[in-house]
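Reader: I have a model open and want to learn how to read it. Can you take me through it, feature by feature?

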Amino acid sequence: MPRSASITLRFVQLFVGLFLYGASTALQVRAVVGVSSWTVLTEGLEHVVPWSFGVITVVSSGVILLFWIPLRQKPGIGTLLNALAIGPSADLVLWLVPSPSGIVARVLLFVAGLLLLAVATAFYIGAGFGTGARDGLMVGLHERLGWPVWLARTTIEVSVVLVGWLLGGDVGAGTVIAAFAIGPMVQPLMPVFRRFPWSPERTRASAAALEARTASASELA
């Protein structure tokens, strides 16, 4: 596949993944059965610092990036676009999707949001343009310490929920379920979305194979 086409398709994968990530967040909010782990932490920090929810979110992203240093993670364009794209997509879906009235409908909406979150996470990370600040911790623990993706994600989610709850954040049933479920859901999907013909891993493997064949042909000649 030509390099230009590969880069274009990777950007398409990145933007689709980020849009779905924001949409999944909105669906979980509309379900009203418990906010996400990082939202619990942000709510808790609102009781500690005199800042708005948005300011805390931005500042905490910067602090989280500092933890990337010992994990040897490097921010990419996906890290920046993560911060810029997820919010607007979440706002759009919040505008389009109302909160259901019945508990069954709310639970189903929450499950749909959770499934979509797992797909979106693996989808945009698979594009190879870098992760968001929070997902970068999961990838860093996986790559640097050798932890399984499910263990890295679950450890982060549970830790964030615990700290947020101790600071006064709101924890619901959905929060607890998501904290333990999202890691095992993401792990099997990660390699799936890294196998597209335009994926960086496939591109590098193809380039290495071509180089090996070229070297072999040169030796035979």
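Author: We start with the whole chain, then turn to helices, single residues and rings. Keep in mind that this is a predicted model.

Reader: Which elements does the chain have, and how many helices?

Author: The chain has ten helices and zero strands. Read from the N terminus, the order of elements is α-α-α-α-α-α-α-α-α-α.

Reader: What box do the C-alpha atoms fill?

Author: Taken along the principal axes, the box is roughly 70 × 35 × 25 Å. The chain has 221 residues, and buried residues make up 38% of them. The exposed surface is about 11800 Å². Carbon and sulfur atoms supply 72% of that area.

Reader: What share of the contacts joins residues 24 or more positions apart?

Author: Take the contacts with a separation of 6 or more. Of these, 79% are between residues 24 or more positions apart.

Reader: Now a single helix. What should α9 span, going by its residues?

Author: Use the rise for each residue, then check the ends. α9 has 14 residues, so at 1.5 Å a residue it should span 20 Å. Its end C-alpha atoms are 20 Å apart, which agrees.

Reader: Where does α9 bend?

Author: At F180, by about 30 degrees. A proline, P184, follows within four residues.

Reader: Which residues of α9 are buried, and what covers them?

Author: The buried ones are G174, T175, A178, A179, I182, G183 and V186. Their cover includes α2, α6, α7 and α8.

Reader: And which residues of α2 are buried?

Author: S37, W38, V40, L41, T42 and G44. The cover over the buried residues of α2 includes α3, α7, α8 and α9. W38 has a charged partner too: the charged end of R134 sits over its ring, 5.2 Å from the centre.

Reader: Show me how to read one residue. Is L27 buried or exposed?

Author: Ask where the residue is, then how accessible, then what touches it. L27 is in helix α1, residues 3-31. Its relative accessibility is 13%, so L27 counts as buried. Set aside neighbours within four places in sequence, and L27 is in contact with V93, V97, L109, A112, G113 and L116. Distance in sequence is another matter: L27 and R106 are 79 residues apart, yet their C-alpha atoms are 9.4 Å apart.

Reader: Where is Q73, and is it buried or exposed?

Author: Q73 is in the loop between α4 and α5. Its relative accessible area is 16%, under the 20% cut-off, so Q73 is buried. Beyond neighbours within four places in sequence, Q73 is in contact with W68, G136, V139, G140 and E143.

Reader: What about T155, in terms of accessible area?

Author: T155 lies in helix α8. With a relative accessible area of 30%, T155 is partly exposed. The C-alpha atoms of T155 and T25 are 20 Å apart, with their positions 130 residues apart along the chain.

Reader: On to aromatic rings. What describes a pair, and how many pairs are there?

Author: Two values describe a pair of aromatic rings: the distance of the centres and the angle of the planes. This structure holds seven aromatic pairs.

Reader: Why is the pair of F123 and F196 called edge-to-face?

Author: The ring planes of F123 and F196 are at 75 degrees, so the pair is edge-to-face. The centres are 6.3 Å apart. This pair links distant parts of the chain. F123 is in helix α6, and F196 is in the loop between α9 and α10, 73 residues apart.

Reader: How accessible are F123 and F196?

Author: F123 counts as buried, at 16% relative accessibility. F196, at 22%, counts as partly exposed.

Reader: Is the pair of F196 and W198 stacked or edge-to-face?

Author: The planes of F196 and W198 are at 15 degrees, so the pair is stacked. Their centres are 4.8 Å apart.

Reader: Which residues do ring pairs link into a cluster?

Author: F123, F193, F196 and W198.

Reader: Where does the charged end of R10 sit?

Author: Over the ring of F129, 4.2 Å from its centre.

Notes
Residues are numbered from 1 along each chain as its sequence is written. This is a predicted model: local features need pLDDT of at least 70, side-chain atom pairs count only at pLDDT 80 or more; totals for chains, interfaces and linings use all residues. Side-chain values use heavy atoms; hydrogens and water are left out. Rings of Phe, Tyr and Trp (its six-membered ring) pair if their centres lie within 6.5 Å; planes under 30 degrees apart count as stacked, over 60 as edge-to-face and the rest as tilted. Helices (H or I, at least four residues) and strands (E, at least two) are DSSP runs, numbered from the N terminus. Buried means under 20% relative accessible area, exposed over 50%, partly exposed in between (1.4 Å probe, protein chains only). A charge sits over a ring if NZ of Lys or CZ of Arg is within 6 Å of the ring centre and within 35 degrees of the ring normal. The expected span of a helix is 1.5 Å times one less than its number of residues. The bend at a residue is the angle between axes fitted to the seven residues ending there and the seven starting there. Contact means heavy atoms within 4.5 Å. Accessible areas come from the Shrake-Rupley method with a 1.4 Å probe; for residues, only the protein chains shown count as cover.
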